[in-house]
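Biologist: I would like to learn how to read a model like this one. Could you take me through it feature by feature?

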Amino acid sequence: NDYKNEKIEFIKLGNMHDILVVNNESKLLKDKINEDELKEKVIYMPRKSSITTINFFDSINSSENEFKNIKNISYNSMLEIIKNTNGIGLVTKEYIEKELEDKEITELKTTFKLKPIEFGIYINKENKFNELKELIKLIENDMLV
């Protein structure tokens, strides 16, 4: 909504899904974890201004200061730490499909749902270039496959 403008159009291409992950030996895999239990754990997240982090707190109607131990870190570092510790990582599922498929880490089941994040492109509505229209068609068709 911050980008609403008469001259700009948003074209949705899909959704991404944030999840919590742990190592395959985690004791947390036995049951679904709830928000209160999560607040007591070490959680690795992207930087505070990341849409993934913002979406997490919005989805559970909470704020960072309600959590005891949040560490902001890059995805690559987070994955290595999660594989070797008892921490929990907040990541976008579509970014780590290979690691999940290869069973390097496991999605943590929760009693709550995180909202999907819409992604797409913004274009100038006044742009009349056929090349742009063709590119948009290609992107949209590729996203549907």
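**Reading the α2 end and beyond**

Modeller: Let's start at one residue: Asn61 sits in the loop between α2 and β4. Before going on, a word on the source: this is a predicted model, where local features need pLDDT of at least 70, side-chain atom pairs count only at pLDDT 80 or more, and totals for chains, interfaces and linings use all residues. Residues are numbered from 1 along each chain as its sequence is written, and side-chain values use heavy atoms, with hydrogens and water left out.

Biologist: What is the phi of Asn61, and what is notable about it?

Modeller: The general idea is that most residues other than glycine have a negative phi. Asn61 is not a glycine, yet its phi is positive, about 50°. This residue comes just after α2.

Biologist: Is Asn61 buried or exposed?

Modeller: The cut-offs are these: buried means under 20% relative accessible area, exposed over 50%, and partly exposed in between, with a 1.4 Å probe and protein chains only. Asn61 has a relative accessible area of 71%, so it is exposed.

Biologist: Which residue in the loop between α4 and β6 has a positive phi although it is not a glycine?

Modeller: That is Lys103, with a phi of about 60°. Lys103 lies in the loop between α4 (97–101) and β6 (106–107). Its relative accessible area is 62%, so Lys103 is exposed.

Biologist: How are the helices and strands named, and how many does the chain have?

Modeller: Helices (H or I, at least four residues) and strands (E, at least two) are DSSP runs, numbered from the N terminus. This chain has 5 helices and 7 strands. Read from the N terminus, the order is β-β-α-β-α-β-α-β-α-β-β-α.

Biologist: Back to α2, then. Which of its residues are buried?

Modeller: A general point helps here: an α-helix has 3.6 residues a turn, so residues three or four places apart point the same way. In α2, which covers residues 51–59, the buried ones are Thr52, Thr53, Asn55, Phe56, Phe57 and Ser59.

Biologist: What does the side chain of Ser50 reach at the start of α2?

Modeller: A side-chain oxygen of Ser50 comes to within 3.1 Å of the backbone nitrogen of Thr52.

Biologist: And what does Ser59 touch?

Modeller: Contact means heavy atoms within 4.5 Å. Leaving out residues up to four places away in sequence, Ser59 touches Lys113, Leu114 and Lys115. With a relative accessible area of 17%, Ser59 is buried.

Biologist: Where is Ile60, and why does it count as buried?

Modeller: Ile60 is in the loop between α2 and β4 (69–72). It counts as buried because its relative accessibility is 6%. With residues up to four places away set aside, Ile60 touches Glu35, Phe67, Phe112 and Leu114. For a separation in space, take Ile60 and Glu140: 80 residues apart in sequence, and 31 Å apart from C-alpha to C-alpha.

Biologist: With which side chain does Ser62 make a polar contact?

Modeller: A polar contact is a pair of N or O atoms within 3.5 Å; within protein, one must be able to donate a hydrogen and the other to accept it, and residues adjacent in sequence count only if both atoms are side-chain atoms. The side chain of Ser62 makes one with the side chain of Glu66, at 3.2 Å. Ser62 is also in the loop between α2 and β4, and its relative accessible area of 13% makes it buried. Beyond its neighbours within four places in sequence, Ser62 is in contact with Lys39, Phe57 and Phe67.

Biologist: How do I spot residues that are far apart in sequence but brought together in space?

Modeller: Compare the two separations. Glu9, in strand β1 (residues 8–16), is 117 residues from Glu126 in sequence and 9.7 Å from it in space, C-alpha to C-alpha. Glu9 touches Ile121, Tyr122, Ile123 and Lys125, not counting residues up to four places away. At 35% relative accessibility, Glu9 is partly exposed. Over the chain, 78% of the contacts with a separation of 6 or more are between residues 24 or more positions apart.

Biologist: What share of the chain is buried?

Modeller: Buried residues make up 35% of the 145 residues.
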